[in-house]
Amino acid sequence: MAEKLMKYADATKKYDVVFGLETHVELCTKTKLFCPAEVHFGGEPNTQLTPVSLGLPGSLPVVNKTAVDYAIKLGLALHCEIAEWSQFARKNYFYPDMPRDYQISQYDKPTNGNGYLDVELEDGTVFRVPIERAHIEDDAGKNTHVGGADGRIEGADHSLVDYNRAGVPLIEIVTKPIEGAGDRAPEIAGAYMRAIRDIVRALGISHARMEQGNMRADVNVSLRPSADAPYGTRSETKNVNSFRGIEKTIQYEIRRQAARLDEGKEILQETRHWDEATQTTAGGRVKSDADDYRYFPDPDLVMLHITKEHIAEIEAQMPEMPRERRNRLKAEWNLTDVQMRDILNADALDLIEDTVKAGATAAGARKWWLGELSREANAKGVSLEELNVTPADVAEVEKLIADGKLNDKLAKQTVSGVLAGEGTPAEVVAKHGYKIVEDTGAIEAAVDAAFEANPDVVEKLKSGNMKPMGVIIGAVMKATRGQADAKAVTKIVMGKIKG
Amino acid sequence: MTNEIVKLSAAEMAAKVKSGEVSSRELVDAHLEVIEAAEPSIKAFLKVSADVAREQADAFDAKSADEKAQLPELAGVPIAIKDMIVTKGIETTAASKILEGWVPPYDATVIEKLKAAGMPILGKTNLDEFAQGSSTEHSAYQTTHNPWDTERVPGGSGGGSASAVAAFEAPLALGTDTGGSIRQPGALTGTVGVKPTYGGVSRFGAIAMASSLDQIGPVSRTVLDSALLQEIIGGHDRRDSTSIPEGPRPMVAAAREGAKRDLKGMKVGLVKELSGDGFQPGVQARFNEAVKKLEEMGAEVVEVSCPHFEYSLGAYYIIMPSEVSSNLARYDGMRYGLRVMPPAGVPQTAANMMSYTREAGFGDEVKRRIILGTYALSAGYYDAWYGSAQKVRTLIIQDFHNAFQQADVLVAPTSPSTAFKFGEKMDDPLAMYMNDIATIPANLAGVPAMSIPAGLSDDGLPVGFQFIAPQQRDEVMYKPAAALEAALEEDWGGPIWQSMNTPWLNAAE
Amino acid sequence: MPTFTREEIEHLGDLARIALTDEEITRLQGELNVIADSINKVQEVASDDVPPTANPIPLEAYLRPDVPETPLTQAEALAGGPKTEAGMFVAPRILGSEE
């Protein structure tokens, strides 16, 4: 049953959009939040468990220090107030993948509260997203649905439960209701999520791979007739796990809710699901008192004490935040907004910076990663990082060019060799015997031959029309098997024309 | 031979092991013999781990003298374990059908400590299901009988451990005490039962009933034996976040000091609110006589008032079921224990499987508490119920604080009545709950408390005398307890159990 | 003063995942009302100026170093499971007609 939708432009004109995001970030600690079971992706089912993470009778939770330190780091990055005393509470509900049938989370005394994050939009606008809290909690296990179509929960005959993920530490970042976004709400949400991803990666506290479920978000959307009206009823779309999905969810919910409101229908307070296949959200469970989680302080855990001294210690080790870093590099590398955006879109900032650190110029590094290497990655359908070439390799090739040992063509061939696994640039150069022909006699002979073969071109060059220069250079290159230096060729050609 | 050995205190048994007069294996065999003879009428054990005990005893006996010298004083002496404590490889059920057949893959911290101390484990003792009850009648498996009168309950929830020790089936046992489950059975069976300071003994591996109240403690026939045992099981454990980061207190020294019967300079506080109405006359009489004994030994007796104690039962019956409702959620038919699928006609879903499993696997009292606790925590009632109860908890801690400004140790009867008959209070939960009126305040405040025998009431049944000490000062109660024990035993001409009929011991002979 | 209706007890049974029988609901209704009356008086003294106590011993959390320890084997983890398959625990179907 297709839902009626209002045109996006009309919907955002007619209604004021309020949205919020609850982002779950999986921390990359070695062990779980409450027990010393080692965590790693994959692995045999039910082999990353202690009595605690399997919820065996008599087992008790003990808090992982690194998880708390990671939470503090994130709190600092999000400009949160970090509570001197915070507390873990139990969120009680039954589900087969929950080993204790309650989640240990933070309720009224979270570690991080009341912060904000400034996110930069494509056109350079900075939007401040207010943060309500960023609290620590543990993850549940994983259900595999058997007997239904495509492993979906609907129609499944039964489920198989692997508790390996149970107890992995998460931080849930909850925004305050975000107002004033208007028709840019989806864009702001996307930019916010990417900013969170960049921050947790910069802090080294999460792999933040959305496709592996390291990061996922619940998206709340509501509409109201005007900015001074009370909030409307919101829908909550659960576990959206791609940036595009989050943007589209907001867009879709705005259109769906606007159409309903226009018809005088009420918005149900319900949980919905984003369906990637149909690009729609589907209604789920209507909220009821069945969602009575009966929170209370976990009596197995005592108050978490975070001293000012400890916060200061962590603050001193904080790396530069992504947005500040981007602005700094943009200035250092002398880039335009568009150039910087291209780098970010290509996910090449780290690679370029590392290449520059390895000795290349910013322009040289950018040329390789956004040009040749991006094409290669696209063709192979992999990320730049997954290519078989390192920033050090690229810097080495750049150095060979700067030293006059390779020309562009040979450099490309060298990089191809590196990509093909033939070794370092030096090894590839040695293997193929790449070198620029510096014997001007040989070049001059080749130029003369080219002039002879292309008299019309020579005429044009002599009359000052330099456009067909490439024809000559191409012919010379061919004759010298690419080893001539294009600059040297040009110089000789110019000399002969004028002479 | 058996009769003589099993009637010794644990400390005396340990001395004979040390002198080589008996082996640990002989102690184990003697107790297994008594268990065999006594169990038909007492039913204290859910599981006797004879092979494990013999193996552990043999391993201990095989140790060199040097190795033995490194072990605690009670090394080689066997012990029984309340089936609320997890034992690797030995079925652990919490006396519930929902855990029937569960064999844990790990040991509780206290069990690791007992094993390290060379103390063989005789078996797992009966209890009210998930330690919820005051008579052990709520066990899903069997009813334990009071050795003093097998028509009567041994108290609860730790009726199995108390009866086993009272009936000489074990010299020592471990219990768990959430609202009196060690002390009240101690009172009703004429044994010693200690609830240590909350956090003094690791709860890791104690199946949780109410986490902020539960505490593992010793059950014995003498005060010194409990002190020796508590020093073995106590101390910091990093696997329990509520464990106090300090070693056990000097309780053995305090007990030995107390045996000298000199209490000069000690102030004993009589808790006004824990006497009079509701306490059987016979209980009150033995209590008063015992207080007089303390005075005779030089103690100064003062009356103290704890005005908020009258709210403690209410606070307890909110906090405890709230925590129970959450702690017992994990018994859902997924990872261990019972699974019951819904009947035909009911959707065969995971949610329904859980509901029918829990309906079939839990007994009435457990369900009652889960429902009550679910209510107390639910939205809209939390502040009025759980929130208020937590505030009462603060007031009770303040009452104790004030009382300990006036007295070194507080005293009260342990239980308002002596052992009652089976079924007497089963249909009246509130009457059953009243059994714990004098023991609950110590759990709410986390302070240590112990019950020792104060003599027999008019009905010929044991009466318990309770000492309560300040937090993390457990030794403070051991001294007057040992003194009172010595003074009373002098009056009685020996231990209280001399007055008990023990036909099973004749059978074991 | 709380009074427990049948519907409330049924709802609590749902929340607590216990399929209470009609007879149990009737009995619980009587018992819980008596118990509730007696414990309700905690509110008398729970004034705003009294702080709550969650844990009787004022400790601050010990924080465990992030160092792995030997986990349970898969066989140990699954040993107690009422129903297992392919190294995993089997749950009956999670969504049903009532959800």
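This passage describes the sheet of chain B, the annotated active-site residues and the contact with chain C. The model is predicted.

In chain B, 11 strands form an open sheet with mixed pairing. The strand order is E1-E3-E2-E4-E6-E5-E10-E11-E9-E7-E8. Strand E1 (45-48) and strand E8 (300-304) of chain B are the edge strands, and each pairs on one side only. On average, neighbouring strands of the sheet are turned by 25 degrees against each other, direction ignored. At one edge, E1(B) pairs with strand E3 (residues 121-125) of chain B. The pairing is antiparallel and runs over 3 bridges. Within this pair, B:Phe45 stands opposite B:Thr125. Helix H11 (residues 281-296) of chain B packs on the sheet. Helix H11 touches strand E7 (267-271), E8, strand E9 (409-413), strand E10 (449-456) and strand E11 (462-468) of chain B. The direction of H11 makes about 50 degrees with that of E11(B).

The unreviewed UniProt entry lists B:Lys82, B:Ser157 and B:Ser181 under "active site". These residues span 100 residues in sequence, yet no two of their C-alpha atoms are more than 10.7 Å apart, so they gather at one spot. B:Lys82 lies in strand E2 (residues 79-82) of chain B. B:Lys82 is buried, because 32 other C-beta atoms lie within 10 Å and 20 or more suffice for that class. Beyond its neighbours within four places in sequence, B:Lys82 is in contact with residues including B:Thr125, B:Leu127, B:Gly158, B:Gly160 and B:Ser161. B:Thr125 is also the residue that stands opposite B:Phe45. B:Ser181 lies in a loop, between strand E4 (172-176) and helix H8 (183-189) of chain B. B:Ser181 counts as buried, with 37 C-beta neighbours inside 10 Å. With neighbours within four places in sequence left aside, the contacts of B:Ser181 are B:Ala131, B:Gly156, B:Ser157, B:Gly158, B:Gly175 and B:Thr176. Among them is B:Ser157, itself listed under "active site" by UniProt. B:Gly158, B:Gly175 and B:Thr176 are in contact with B:Lys82 and also with B:Ser181.

Chain B also touches chain C. Here, 61 residues of chain B are in contact with 49 residues of chain C. On the chain B side, the elements giving two or more residues are helix H12 (312-327), helix H13 (350-361), helix H14 (364-377), helix H15 (383-406), helix H16 (429-433) and helix H17 (440-445). H15(B) provides the largest share, 11 residues. By residue class, the chain B side divides into 31 nonpolar, 20 polar and 10 charged residues.

Note on methods: Residues numbered from 1 in each chain as written. Chains lettered and ligands numbered in written order. Predicted model: local features only at pLDDT ≥ 70, side-chain atom pairs only at ≥ 80, totals over all residues. Pairing = 2+ DSSP bridges. Helix = DSSP H or I, 4+ residues; strand = E, 2+ residues; numbered from the N terminus. Axes fitted to C-alpha atoms, helices over the stretch in contact; angles between N-to-C directions. Contact = placed C-beta atoms within 7 Å. Nonpolar A, V, L, I, M, F, W, Y, C, P; charged D, E, K, R; others polar. UniProt positions renumbered as here; feature names shortened; annotations may be inferred. Buried ≥ 20, exposed ≤ 12 C-beta atoms within 10 Å, placed from the backbone.
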